[in-house]
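Keep the structure in view while you read. The text goes through the sheets, then the helices around them.

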Amino acid sequence: MTVQVECVRDADGVAVIRAWGAPFGPAMLDAFEARIDECLADAATIGVVLASAEDGFVGLMDLDWLHGAAAGPRESLEAFVERAAALAARIDASRKPFAAAITGDARGVALELALACHRRVGAQGAGYSVGFTDLRLGLPPMLGTGPRLAARLGREAALKLLKDATALTPSAALKAGLLDELLPAASVAAEVARWVVLAAAQRGQRPAEAAIAATVACAPDGASDAAKREFVDIARGPVAQDMVRTLGLSVAAANRLASRPAGIATRAFKRVGVLGAGLMGSGIALVCARAGMQVTMVDMSIEAAQRGLAALAKQEASGVAAGRLDAAESQATLARISPTARYEDLDDVDIVVEAVFEDREVKAEATRRAEAAAG
């Protein structure tokens with residue numbers, strides 16, 4: 001994959017950096033670091049916006065590279081982590097204002113880079129997520145983010161977020177303090193650039209205050225060094241290695257359709273039928289509904305189908321209460337799921353997923369009835 005890091009400076013002197021084409025590994029760090037350092041050294045650049053590209057905000061961790069690097073010489077991985085953490089520290093400590101314009105996924109190391117910025121503005125609505133999801137792979141934050149986040153949100157709030165691998169919706173991320181503001185997607189970039197201009201003007205008028213703020217923003221050296229050593233130790237350990245391989249690399253291969261037969265075009269689906277409203281069926285229905293699809297969830301009786309939806313509603317309510325989900329978005333998700341016992345309601349779906357009871361005859365009957373109704 002070819003790394004692309006674009007840096008465009010507008011008439012006001014605000015540099016907008018976008019990175020895409022590859023996950024966050026040595027090649028991306030080389031290119032990204034070079035652009036950041038150019039902006040810091042350029043007197044004509046008053047501030048920087050790190051903006052989302054098509055692949056999301058900066059990019060997720062390069063698991064292929066990490067899995068190999070963690071199994072190799074310790075010094076190589078340490079050097080990479082040291083450089084990446086130092087880059088985040090330079091952004092955090094910069095007297096030039098840095099802001100993150102987030103309109104795509106900002107998870108794991110991408111979120112850490114956004115948190116090194118002085119302001120984070122996200123796009124309103126669903127469609128992307130924010131969170132410390134690398135924890136699902138057994139990996140802690142890499143860029144000295146723990147002390148940095150604790151300094152801004154308080155120790156308890158920071159600890160709660162860092163130990164939760166949930167991918168938050170934009171609204172939930174705003175409530176949690178990971179984002180500072182949500183705006184319509186079309187206006188995020190312009191508004192963030194405007195904030196950078198104002199922040200740069202204020203810093204120019206009060207250089208002493210800016211220097212103090214930059215100093216306080218930096219994580220203590222001891223805590224930062226300990227966090228970097230901890231990441232290398234854990235990444236090289238058997239638990240993280242196994243989790244990265246199984247939950248990261250294997251899932252990524254499935255998501256990019258690595259085993260898909262050649263010559264068969266992909267399709268997009270808007271209406272989904274799910275056979276079965278049990279634990280698996282309702283879970284599939286929820287994932288589809290969160291992706292914006294209309295779901296017809298069929299079970300043997302309307303009561304069984306409604307129980308499946310009720311269980312999802314209880315699960316969603318728990319997420320809202322814990323601050324992981326936005327209440328309005330959760331209600332909209334549930335509203336996309338229609339429980340039914342009528343196979344005839346599958347007449348307009350684009351695809352059917354079978355998740356009924358594990359009995360060959362029951363599955364065969366459900367499949368036969370679905371095929372007859374769905375066409």
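This is a predicted model. Begin with the open sheet of 6 strands. Its order is 1-2-3-4-6-8, and its pairing is mixed. In general, strands of a sheet pair through backbone hydrogen bonds, either parallel or antiparallel. Which strands stand at the edges? They are strand 1, residues 4–9, and strand 8, residues 181–183. Each has a single partner strand, so one side of each is left without a neighbour in the sheet. Neighbouring strands here are turned against each other by 25 degrees on average, direction ignored.

Now look inside this sheet, at strand 4 and strand 6. Strand 4 covers residues 98–102, and strand 6 covers residues 119–123. The two run parallel and are joined by 4 bridges. To find the pairing by eye, go to I102: it stands opposite G122 in strand 6.

Next comes a helix on this sheet. Helix 1, residues 26–41, lies across strand 1, strand 2, strand 3 and strand 4. Strand 2 is residues 14–20, and strand 3 is residues 47–51. Helix 1 runs at about 180 degrees to strand 2.

Helix 1 also carries one end of a salt bridge. E33 pairs with R83, and their closest N and O atoms are 2.5 Å apart. Where do the two partners sit in the chain? E33 is in helix 1, while R83 is in helix 3, residues 74–93. They are 50 residues apart, so the pair links distant parts of the chain. A search of the whole structure finds 23 salt bridges.

Between helix 1 and helix 3 in the numbering is helix 2, residues 63–71. Its partner is helix 11, residues 238–255. The two pack at about 165 degrees, with axes 10 Å apart. An angle over 145 degrees counts as roughly antiparallel, and that is why helix 2 is roughly antiparallel to helix 11. Their crossing is left-handed. On the helix 2 side, the contact is made by L63, D64, L66, H67, A70 and A71. Helix 11 brings Q241, V244, R245, G248 and L249. These contact residues divide into 6 nonpolar, 3 polar and 2 charged.

Move on to another open sheet, built from 4 strands. The order is 11-10-9-12, and the pairing is parallel. Strand 11, residues 337–340, and strand 12, residues 351–354, stand at the edges. Each of these has a single partner strand, so one side of each lacks a neighbour in the sheet. Neighbouring strands are turned by 20 degrees against each other on average, direction ignored.

Strand 9 and strand 10 are partners in this sheet. Strand 9 is residues 271–275, and strand 10 is residues 294–298. They run parallel, joined by 5 bridges. L275 stands opposite V298 in strand 10.

Which helices pack on this sheet? Helix 12 lies across strand 9, strand 10, strand 11 and strand 12. Its direction is about 170 degrees to strand 10. Helix 15, residues 360–374, packs on the sheet as well, touching strand 9 and strand 12. The direction of helix 15 makes about 170 degrees with that of strand 12.

Helix 12 has a helix partner too. Helix 12, residues 279–290, packs against helix 13, residues 302–321, at about 60 degrees. Their axes are 10 Å apart. That angle makes helix 12 oblique to helix 13. The crossing is right-handed. S282, L286 and R290 of helix 12 meet G308, L312, Q315 and E316 of helix 13. By type, the contact residues are 2 nonpolar, 3 polar and 2 charged.

Helix 13 also packs against helix 14, residues 327–335. Here the angle is about 165 degrees, and the axes are 10 Å apart. Helix 13 and helix 14 are therefore roughly antiparallel to each other. Their crossing is right-handed. Helix 13 contributes L309, L312, A313, E316 and V320. Helix 14 contributes A327, S330 and L334. This contact divides into 6 nonpolar, 1 polar and 1 charged. Two residues of helix 13 deserve a second look: L312 and E316 touch helix 12, and L312 and E316 also meet helix 14.

Definitions and conventions. Residues numbered from 1 in each chain as written. Predicted model: local features only at pLDDT ≥ 70, side-chain atom pairs only at ≥ 80, totals over all residues. Heavy atoms only, no water. Axes fitted to C-alpha atoms, helices over the stretch in contact; angles between N-to-C directions. Parallel < 35°, antiparallel > 145°, perpendicular 65-115°, else oblique. Left-handed = near helix turned anticlockwise from the far one by under 90°. Contact = heavy atoms within 4.5 Å. Nonpolar A, V, L, I, M, F, W, Y, C, P; charged D, E, K, R; others polar. Pairing = 2+ DSSP bridges. Salt bridge = Lys/Arg side-chain N within 4 Å of Asp/Glu carboxyl O.
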